[in-house]
Structures are given as C-alpha cells and as structure tokens.
Amino acid sequence: MAPTGEELEKQAAALRESNPGNRAAKYFDQAYYDGLSDEDKETFYKCIKTGFDNADSGMGCYAMTPTDYTTFAPFFAKAIGDYHKGDPACAEKHENDWDISGVGEGGVLDLQKLGLAEELSMRVRVGRNLASFPLPGAMTKEDRIKFEVTMTGSFDALKEKFGGTVYSYSPDLGEGVEHPNKIDEEKYNELVAAHVMFKDMAADTYLASAGIANDWPYGRGCWQSEDKKKIVWFGEEDQLRIMVMKKGFLLNEVFNELKELLDAVESIEGVDFAKDDTYGYVTSCPTNLGTGMRASVHVKIPNLTSDGTDAKAKEIAGPLGLSVRGTGGEHTPIGADGTVDISPSARLFIKESAIVQALYDGLKLLLDAEKAAA
Ligand code: ADP
Ligand code: CIR
C-alpha cells in the first residue's frame with residue numbers, strides 16, 4: 001500500500017533540505033496527494049518513489065503509463081516545466097520537426113570543419129514506447145516477455161530492409177516457447193563493451209526504485225542491422241531505443257539515417273508510438289520527453305580532463321547546454337585518454353534538427369576551451 005500523505009510530506013521536507021534540485025520532493029504536494037483516489041495514489045507513488053529513494057535525483061520521477069503525464073498533470077507539469085525551462089508554470093506545447101535542410105551549410109554538419117583530424121564516434125538515439133503497453137516501470141514479467149515476442153516478430157520487417165541479427169538476453173520466453181535469439185553472458189558483455197547492448201539495469205538505483213529494472217534480464221535485448229550501424233534496443237528505460245551509431249564526420253548523415261530507420265519501425269503493423277498532446281513522444285523519464293532524442297559524440301579533451309575527472313569539462317559544457325557522460329554512457333567514468341561523451345541536454349520544446357545543430361555548435365565552443373586549456 002502507498003504511504004500516507006503525511007508520511008510522504010515528512011520525507012519530502014527532508015529531501016528538499018538536502019537537495020533542492022530533487023523535483024519529486026520539490027513539487028510533492030500533500031493536499032494534492034491526499035485528494036487522489038486509492039488507486040491513483042498507488043500509481044502516483046510509484047512515479048515519485050525513485051526521487052524519494054534517491055535523494056540526489058535531479059528529476060526524481062518516471063511515468064508508469066503513457067497517460068500519467070495527463071492524469072497527474074498538477075504534479076508533472078510543474079516538475080517538467082521547471083526541469084526543461086526553469087519555469088514550473090511553463091505552458092509550451094512540443095512540436096516535432098525533423099526538417100534538417102536549414103541546419104549547418106545546406107543541411108550539412110561536417111565535424112572536420114571544427115579542426116578535428118580523427119573520425120569521431122557519433123550516435124543519435126530516440127526513446128519510443130508503444131501506446132498498447134504499460135511503460136517499463138509498470139510492466140509485469142509477462143508484459144516484458146510479450147513485448148519481446150511482439151517485437152521479435154516486428155524485427156522481421158527490419159531484417160528484410162536492413163538485414164541483421166536479434167540478440168536476446170532473456171533467460172526464456174515462457175514454457176515451451178522457442179528462443180532462437182538467446183545470447184549467453186559472454187556475448188552480452190561483448191555487446192555492452194561494443195556499445196551495442198545496454199548495461200545491467202538492476203545496478204542503476206534510479207531505475208531499480210521505479211520498477212523499470214524489474215525482472216532483469218527478461219524481455220531485454222536488441223536488433224542490430226547487417227551494416228552494424230542501426231540498432232533498436234528493447235526493454236530498457238523506454239520500451240524501445242532506436243539509434244544509429246557510426247564513426248565519421250557528418251552528423252547530418254547519422255540524423256538522416258535515424259529518420260529512415262524510425263520511419264521503417266513506425267510503418268511496421270501494430271507499432272503505434274505513445275504521444276502526448278503537450279509533450280510529444282512519451283518517455284518513461286520526463287527528461288527525455290518530446291523528441292526522446294540524445295545526439296552524442298565521443299571526443300577526446302585531454303586538457304579539460306587532465307585531473308582524470310569530468311569536473312572541469314562539466315563546468316564548461318553545462319552553460320553551453322551540453323551534458324558530459326563517460327565512455328560507457330550515463331554514470332560511467334571518462335576514458336583514460338580523456339575521451340568523453342558529449343550531447344545537448346535539451347530534448348523537449350526543441351526541434352529534432354536543432355538538437356544536432358546544438359551538438360555541432362556546442363562542440364565548437366568546447367573544443368575552443370580545450371585548446372585554451374593547453
Ligand atoms: P542513452 O544514450 O541511451 O541515454 P547511455 O548514456 O547509457 O544511454 O549510453 C548507452 C550506450 O551508448 C553506452 O554504451 C554508451 O557508451 C554508448 N554511446 C553513447 N554515445 C556514443 C557515441 N557517440 N559513440 C559510441 N558509443 C556511444
Ligand atoms: C534523476 O532523477 O536524476 C535520475 N532519475 C536520472 C534522470 C535522467 N538522467 C539525467 O538527467 N542525466
């Protein structure tokens with residue numbers, strides 16, 4: 001049973017004190033909570049539990065079903081407006097726009113123009129969820145397996161177009177069900193090291209508190225195209241993470257290839273992505289709403305990381321609207337040679353094309369700072 005409003009308010013008060021940036025605690029309102037039905041209290045508590053369990057959360061909440069952003073709008077609107085716009089009263093509506101023709105020079109974003117001599121590893125991903133399933137925090141083990149089986153069927157359409165392989169880390173797919181794509185631990189580790197498959201979610205306390213890591217590794221896996229560049233994860237923080245990853249200089253190519261892949265996924269029968277009138281594409285985490293897009297490069301900045309940490313890089317990248325991650329993704333350390341993962345922080349109330357432009361522009365300024373730090 002969900003805790004009482006009084007119990008939660010007591011915890012929220014302590015959290016507000018220790019970390020004012022924890023949006024779950026900041027926007028918890030006991031009167032609102034007390035006014036919810038018992039059933040809604042249960043769901044709402046599941047949404048904010050991660051922030052109450054993890055004091056250092058920045059967002060501190062996840063949606064459990066695609067409609068939660070509407071059902072619990074009095075809470076989510078403030079938390080989302082604050083996180084994305086610094087304004088809890090923000091009333092913007094998200095609009096998706098993939099037209100890249102006005103970006104860079106005639107739609108071309110060439111990283112070589114930034115003075116980079118070596119090709120960079122570039123990746124653009126979007127998070128997507130099907131309207132017909134609960135979001136991963138509320139999925140049962142049966143839902144996760146059913147989702148994998150549904151998607152394995154759908155991947156046949158992608159295989160026809162792009163070739164490739166499905167890798168499933170699911171121990172089984174239910175009694176008596178064939179499981180031809182199953183991989184062992186060694187193969188799983190190899191795919192994680194190659195950045196193809198996602199990390200063990202059970203080790204992520206934010207995801208674990210929200211139930212998103214439950215039943216690991218049932219219903220978890222990915223499809224990778226024959227040319228290795230196109231990847232679709234299933235069963236991570238969003239039901240689907242759809243991405244293109246390759247080495248090169250042309251960011252616009254990765255963007256356009258992702259659009260091609262995304263269109264192919266969306267045209268598969270039965271694939272209907274969850275959307276929200278205000279927030280665009282629905283994702284589990286409110287930080288990813290709208291575009292669900294993270295566009296990143298792995299870039300070497302040894303001068304800004306000479307102390308072996310990302311502290312200085314973060315200090316410079318933050319005001320440029322860029323996030324710094326480690327070479328293994330979120331919550332991982334930077335590379336020994338000073339390689340970091342750089343991506344624009346904005347996902348909501350921004351055009352898809354503007355995200356890759358922001359990566360290009362931000363990287364230019366970051367590389368200037370790297371030179372100045374020599
Ligand atoms: P997400 O990007 O989906 O939010 P993570 O930050 O955990 O999730 O990254 C997922 C995986 O993608 C990690 O293995 C990470 O190293 C890899 N990755 C991200 N960007 C790049 C890139 N530009 N080149 C190579 N691998 C990347
Ligand atoms: C948090 O609230 O801080 C975690 N649930 C992670 C949020 C998403 N990641 C991020 O902002 N880098």
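**Ligand sites and a helix pair in a predicted model**

A backbone N or O atom of Glu330 lies 3.0 Å from an oxygen atom of ligand 1, a polar contact (a pair of N or O atoms within 3.5 Å; within protein, one must be able to donate a hydrogen and the other to accept it, and residues adjacent in sequence count only if both atoms are side-chain atoms). The model is predicted: local features need pLDDT of at least 70, side-chain atom pairs count only at pLDDT 80 or more, and totals for chains, interfaces and linings use all residues. Residues are numbered from 1 along each chain as its sequence is written, chains are lettered from A and ligands numbered from 1 in the order in which they are written, and side-chain values use heavy atoms, without hydrogens and water.

Two arginine side chains also reach ligand 1. A polar side-chain atom of Arg325 is 2.6 Å from a ligand 1 oxygen. For Arg241, an N or O atom of the side chain is 3.1 Å from an oxygen of ligand 1. The protein buries 95% of the 560 Å² that ligand 1 exposes when taken alone (accessible areas by the Shrake-Rupley method with a 1.4 Å probe; for residues, only the protein chains shown count as cover). Strands β1 (120–128), β5 (240–248) and β8 (293–300) each give two or more residues to the shell. Helices (H or I, at least four residues) and strands (E, at least two) are DSSP runs, numbered from the N terminus.

The shell of ligand 1 holds 19 residues, the closest being Ser121, Arg123, His195, Ser296 and Arg325; a shell residue has a heavy atom within 4 Å of the ligand. Four are nonpolar, seven polar and eight charged. Here Ala, Val, Leu, Ile, Met, Phe, Trp, Tyr, Cys and Pro count as nonpolar, Asp, Glu, Lys and Arg as charged, and the others, Gly among them, as polar.

Ligand 2 is held in a second shell, which includes Tyr62, Tyr83, Cys285, Arg325 and Glu330. Backbone N or O atoms approach oxygen atoms of ligand 2 at Gly58, at 2.8 Å, and at Met59, at 2.9 Å. A polar backbone atom of Gly60 is 2.8 Å from a ligand 2 oxygen. The protein covers 78% of the 340 Å² accessible on ligand 2 alone. Its shell comprises five nonpolar, four polar and two charged residues.

Elsewhere, α1 meets α4 through Leu8, Gln11, Ala12 and Leu15 on one side and Tyr45, Ile48, Gly51 and Phe52 on the other (contact: heavy atoms within 4.5 Å). Six of these residues are nonpolar, two polar and none charged.
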